[in-house]
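Let's work through a protein model together, one small puzzle at a time. Grab a coffee and keep the viewer open.

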Amino acid sequence: MDDTGGKTYKAKFIVLILCFFAAVLVSVVVGRFSVSLKDMFLILKAFFIKTGVPEWTPGADNVFLKIRLPRIAASLLVGAALSTAGCVYQGMFRNPMVSPDILGASTGAGFGAALAILSGAGYFGISISSFCFGLAAVMLAYAVSRLSRANETVAMILAGMIISSLFSAGTSFIKLVADTQEQLPAITYWLMGSLSSIKIKDVKFIVWPILAGMIPLLLLRWRLNLLTVEEESAVAMGINTRLLRMIVVICATLLTAASVSVSGMIGWVGLVIPHFCRMIFGYDYRRLIPAAILFGGTFLLIVDDAARLITTGELPLGILTSFIGAPLFLYLLITGGRRHA
Amino acid sequence: MLEVKDLSFSYGSRRVLDQVSFTACTGEVIAVLGANGAGKSTLFKCILGLLKPSSGNIFLSGKDIRKLTRAEIAEKAAYIPQTETPVFNYTVFDSVLMGTTGTLSPLKIPGEKQKNRTAKALEMMSISYLKDRGINEISGGERQLAFLARALAQGSHLLLMDEPTANLDYGNQQMVMNRVRKLAEQEYMILLSTHNPEHALQYADRVLVVKDQRIFAYGRTGEVLTESLIRKVYGIDVVITEAEVGGKKINSCIPIPTPEPAIPEAVKRYDQGQ
């Protein structure tokens, strides 16, 4: 932290962390079956110390451990992953309008999910297929970009567009041939993005790739700043920009593909949250990465609570993030010209 | 000390530099002149190790750059790009701090040592007062000084500046050139490309002229930068005059207006509908 801003940033981080925990507690309580904080405490105590007699409201343990907790964990992980991925991509492509799916991770994952649904794979099979295709799409885009002789970042964006459009064409084709009674609605609903059917298994599945993507980025957080500098200047400063970019692509892809594989397409989080983080915490990745993790997680958790509560059914999360994200972005667009020093 | 020996470079089959050789010492400002596309930037990029020469050697403080790592080259030579507006509005302090990254091991975060170097670099450029401002909120001239400070924080004593005064207003141009001059007195060596012979005349100890892929002229400014040289390089007639201000001689270069504006051949052909 630099000398003058250090204290105010610390205070902002404390507020953000408090919001984070408050959001978690609220999310535990709210829902069709309310779990009181007292119940939560008792259940957790029993879970860890294994006391004999259950003293909580009957059924609360099932709701809390099997439904609410996995869902909260998944929202936090997905939100944190998407906003971190967006945050590093925006710096790497030196373009604040970039979102995590720029290299085709989301469309690839969407195709993988659609393919799995078409071939009748089970719930978990869909996640795995989606994750693998997300990774494959980016690998393909990266390979294509290396074939081009254009500037590396431009080549990557173009390759990402090519691969994305190929995979989305593939998804459309699958929708066309899918059985309209069962498969087509399943695919459509999946693509809208939702965390309603999250299970502990899903959380266990995505937690590793997300950690594997997040930790290197956290460790490299200072160096990420150098990617925002003009390529030649950064190389002349002694930075191996190609290696650094490759690490960023791998990490961001792990984050995005893992998120999309369990949640479906959730737009706007990876685009809008980094902007808010920059507004509050400045441009330095030393603060930006931790901020994006906390802010993204908290944001998606709150939005997911809304998705659970607004209607008696479930609102697809992707729709809600767009409804919230678009006006927020409009606000940024209008006030963005002003300097917030 | 910089030594370039028989340096050749080609983009594909197009030769840009052909057997270029020269040496330069610390404590000097060297202005690199030449028409657009003469190979000035290519020369800089070869010295910085950004481009691999087809043949020839470059020695930085006696060491062949081919035997140095990226970070080692960065410790010896720094690059100051044309003033660009960065996309992200980092503070001036953080922007300069980035210069210290090359010597830092990859997972390290700049510590006290790096911050002190940054503060010192800002002080040397007399822009400490800007440290908390956004890099996009200061003037172009100030930004150029910040980039210079970044190069100083990098720790290298050879500074390569690509048209440092392009896009700057008149006052900022002189301000930047004055600071560059002062750096030379502090044992830095500055190579700067420029399109303005005035800057070479007023601020450079030596002039290096690149033309037809070769070094056309190299030597002390007063001896090399003559009216006939400018005529040969740029195809314009000038007169170099001398003024005395406070006992100091200042040279200036004035283009002679031609009665009929010289229109390049290509434009003539176009006008004639050929």
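Here come some questions and answers about this predicted model.

Q: How do helix α4 and helix α7 of chain A run relative to each other, roughly parallel or roughly antiparallel?
A: Start with the axes of α4(A) (residues 105-118) and α7(A) (residues 183-192), which come within 10 Å. They cross at roughly 155°. Angles over 145 degrees count as roughly antiparallel. So α4(A) and α7(A) are roughly antiparallel.

Q: How many charged residues are there in the contact of α4(A) with α7(A)?
A: On the α4(A) side you'll find G110(A), A113(A), A114(A), I117(A) and L118(A), and they meet Q183(A), A186(A), I187(A), W190(A) and L191(A) of α7(A). Sorted by class, the contact has eight nonpolar residues and two polar ones, and the number of charged residues is: no charged.

Q: Which word describes the way α3(A) and α13(A) are set against each other?
A: The axes of α3(A) and α13(A) (residues 285-309) come within 7 Å and cross at roughly 140°. Angles over 145 degrees count as roughly antiparallel, and 65 to 115 as roughly perpendicular, with angles under 35 roughly parallel. An angle of roughly 140° fits none of those ranges, so the two helices are oblique.

Q: How many nonpolar residues sit in the contact of α3(A) with α13(A)?
A: The crossing of these two helices is right-handed. Residues from α3(A), including I72(A), L76(A) and L82(A), meet residues from α13(A), including L288(A), F295(A) and L300(A). By class, the contact has seven polar and two charged residues, and its nonpolar count is 15.

Q: What is the orientation of α2(A) to α3(A)?
A: The axes of α2(A) (residues 37-49) and α3(A) come within 10 Å and cross at roughly 75°. Angles from 65 to 115 degrees count as roughly perpendicular. So the answer for α2(A) and α3(A) is roughly perpendicular.

Q: Which residues of α2(A) make the contact with α3(A)?
A: From α3(A), the contact uses A60(A), D61(A), F64(A) and L65(A). By class, the contact has five nonpolar, no polar and two charged residues. The residues on the α2(A) side are D39(A), M40(A) and I43(A).

Q: How far apart in space are L65(A) and I200(A), C-alpha to C-alpha?
A: L65(A) is in helix α3 of chain A, and it's partly exposed, with 15 other C-beta atoms within 10 Å. Along the sequence, L65(A) and I200(A) are 135 residues apart. In space, their C-alpha separation is 8.7 Å.

Q: Which helix gives the largest share of the largest nonpolar core?
A: This core has 168 residues, and those with the most contacts inside it are I47(B), A149(B), L160(B) and I190(B). The largest share is 17 residues, and it comes from chain A, from helix α3 (residues 60-92).

Q: Is L48(B) buried or exposed?
A: L48(B) lies in the loop between α1 (40-47) and β4 (55-60) of chain B. Leaving out residues up to four places away in sequence, it touches A236(A), I73(B), A77(B), Y79(B) and L160(B). It has 25 other C-beta atoms within 10 Å, and 20 or more is the cut-off, so L48(B) is buried.

Q: Which element gives the most to the side of chain B that touches chain A?
A: The contact takes 30 residues from chain B and 28 residues from chain A. On the chain B side, α2 (70-76), β6 (77-80) and α3 (92-97) each supply at least two residues. With four residues, the one that gives the most is α2(B).

Q: Is D212(B) buried or exposed?
A: D212(B) sits in the loop between β9 (206-211) and β10 (214-220) of chain B. It isn't a glycine, yet it has a positive phi of about 50°. There are 11 other C-beta atoms within 10 Å, and 12 or fewer is the cut-off, so D212(B) is exposed.

Notes
Residues numbered from 1 in each chain as written. Chains lettered and ligands numbered in written order. Predicted model: local features only at pLDDT ≥ 70, side-chain atom pairs only at ≥ 80, totals over all residues. Axes fitted to C-alpha atoms, helices over the stretch in contact; angles between N-to-C directions. Contact = placed C-beta atoms within 7 Å. Nonpolar A, V, L, I, M, F, W, Y, C, P; charged D, E, K, R; others polar. Core = buried A, V, L, I, M, F, W, Y, C linked by C-beta atoms within 7 Å. Left-handed = near helix turned anticlockwise from the far one by under 90°.
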